[in-house]
Amino acid sequence: MTNDQLASLFEEMADLLELSGENAFRIRAYRSGAAAIQTLSQPIEELIAQDFDLTSIDGIGATLAQKSIIAIQTGEIPALEKLRAQVPSSLRKVMQVPGLGAKKAMKLHQELGVMDLESLKQVCLDGKVAKLKGFGEKTQQSILENIEIVAQAAVRMRRDEADALRAKLQEHFSNCPAIQKMEFAGSYRRGKETIGDLDILVVSNSPEQVMDRFGQYPELTELLARGDTKMSIRISGSFQVDLRVVDPSCWGAALQYFTGSKEHNVHVRSLAKSLGLKISEYGVFRELDQNQPIAGHDEASLYEAIGLPWIPPELRENRFEFQKDFAQRLHDLIELSDIRGDLHMHTLYTDGSHSVEQMAQAAIDRGLQYIAITDHSKRVSVARGLDEQKVLEQWAHIDRIRKQFQDRLLLLKGIECDILEDGSLDLSDQCLAQADWVTASVHFGFKQSKQEITDRILGAIAHRSVHSISHPSGRLLSRRVAYDYDLTAVIQAAQEHDKCLEINANPHRLDLNDLQAAAAAQAGVTLVINTDAHSIDNLDLMRHGVQVARRAGIIKNQVLNTKTSKQLLGWLKKHKSPSD
Ligand code: DGT
Ligand code: CA
Ligand code: CA
Ligand code: ZN
């Protein structure tokens, strides 16, 4: 069970307790426990295996510690099972409808048999809610309007969605002369894998004008709040955007504040306090003289005032950015411009949209030195995966056109080979031995036991022709949770066999994620950041993968595809087994 899975069990527990009318104190305990587990940097499974005292974690008391252990050992929490039998979990969505809450949701359940959003909509349309004591016609109408919002609200934005929204907002603000400076702060700037809302920070001497322009955003569906310098709107698709307008003098302090994370800021502030300073969104002040800021016009000056180097936003999660030995790594933190190749992409041979030649040209256009073409193997029949004969044909094709790109691009013969349910690879050893680059992945059999899935991956890692494991956890953001497998064992095996683990840059995957990638890197595993492109445009997804690596504190030389072509060829040569 992953940390996220355990956290979501506790969230569910809190909601169901609220629906049952439990006392607020118990409910809060589960919510803060869920939050604490979500921000742990180590798998809770490991902590438990090491007999770590969970109650030493802020937000976890004796009850939650005990329930965590049971959940990890048995896969469930008995108290939650009991609650589920009493209160349907589908009511959780109903209680989130603005204006309802737990009490009213429960009443609708008991009096009208409402089970979920769908049945709620139905009883509203039937006019039954209006007749219920304490509800009325107006409430019924607003429930109907709010159901849609809830249906979508649980969804956080993926990075590609956030990027698209940012571009539209930037365009909208582009003809607003009152704006002197603008930055998208919050979790977006920190490169988080999903974003709750966008936070725009603007420097301007006339906040009114900026907010007026904000109010004219074509996709605005609701004005949530407007003050002197603050404004929040909801836009179609239910996403929220916050705007804050500040004075040029406090730009750095405001940007630092609104970038977060909250946990990072709390620590920054306490450091300041210990130095007799006070940091707010308006600047850095001496405790004794709070009129004149001593720093804060830019972020660097703020950090400098408390004796720290400027910390890249991706690291501001209060994980390891304050550790002493970390400062020197900051210098080498990986950047997009360090990436020299891409070792996972598909073509018209399987489910890609462009030819090998087109992908190669697009890679050259993007300044890459090398790529590996890695189409699917035959097990992925929906993607017309290649059998041995077809893959050999493709490689012969690549051999023929290689010359055409010589000096400009190193074109590698690769394959994304499926790891089958029985643990074997989808193509013969003899076939795989002819590839320049083999990445192996699990696409089927997710329901197998933890041991079985782990063994499958360990077998692939040990295979002499395999160089890397792609999207190791198999999760798809907000669609499919990771299969249950032993990441620690996989990391250890990858380290022992000197094989790579992938950070898949597709914003639906981001797999490994930041914490997993950090664990792999710390264990000495080489990472490879790939786009898994299915089209030319997809090659631009690389930045999302780099952001994950930055959040993991990964430096350039821990990533295989920062090597030059020549260095990569050397690495591949070293990894050819002597019998080849
Ligand atoms: P999100 O939107 O859920 O993905 O996460 P954030 O981190 O963007 O959070 P958001 O939008 O609520 O707030 C943006 C930043 O503003 C946050 O990262 C830090 C700062 N901030 C917001 N509320 C507080 C607070 O109560 N205390 C402190 N110290 N900072 C806050
Ligand atoms: Ca935000
Ligand atoms: Ca916000
Ligand atoms: Zn792929």
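**Notebook: odd backbone spots and a strand in the middle**

I began in the loop between helix 19 (388-405) and strand 12 (410-418), where D407 sits. A reminder to myself: this is a predicted model.

What caught my eye there was phi: D407 has a positive value of about 70 degrees, though it is not a glycine. I kept the background in mind: most residues other than glycine have a negative phi, and most peptide bonds are trans. Next I looked up whether D407 is buried or exposed. D407 turned out to be exposed, at a relative accessible area of 82%.

**Second entry: the loop before helix 23**

I moved on to L510, in the loop between strand 15 and helix 23. L510 is not a glycine either, yet its phi is positive, about 40 degrees. Is L510 buried or exposed? I found a relative accessibility of 1%, and since buried means under 20%, L510 counts as buried.

I stayed in that loop for the peptide bonds. The bond from D511 to L512 is cis, and I read its omega as near 0 degrees. For L512 I noted the place with residue ranges: the loop runs between strand 15 (500-504) and helix 23 (514-522).

**Third entry: another cis bond**

Then I checked the peptide bond from G260 to S261, and it is cis too, with omega near -10 degrees. Where does S261 lie? I placed S261 in the loop between helix 14 (251-259) and helix 15 (262-274).

**Fourth entry: strand 6 and its partners**

Last, I turned to strand 6, which covers residues 230-235. How many of its six residues are buried? I got five, so strand 6 is largely enclosed by the rest of the structure.

I wanted to know what strand 6 pairs with, and I took strand 5 (residues 220-226) to start. Strand 5 and strand 6 run antiparallel and pair over five bridges. A hairpin of three residues links strand 5 to strand 6. For one bridge I wrote down the residues: R226 has M231, in strand 6, as its partner.

I looked at strand 7 (residues 240-246) as well, and strand 6 pairs with strand 7 in the antiparallel sense, again over five bridges. Here I noted S232, whose bridge partner in strand 7 is D242.

To go back over the loops: I have D407 exposed and L510 buried, with positive phi at D407 and at L510. I also have cis bonds from G260 to S261 and from D511 to L512.

How values were computed. Residues numbered from 1 in each chain as written. Chains lettered and ligands numbered in written order. Predicted model: local features only at pLDDT ≥ 70, side-chain atom pairs only at ≥ 80, totals over all residues. Heavy atoms only, no water. Helix = DSSP H or I, 4+ residues; strand = E, 2+ residues; numbered from the N terminus. Buried < 20%, exposed > 50% of the residue type's maximum accessible area, 1.4 Å probe, protein only. Pairing = 2+ DSSP bridges.
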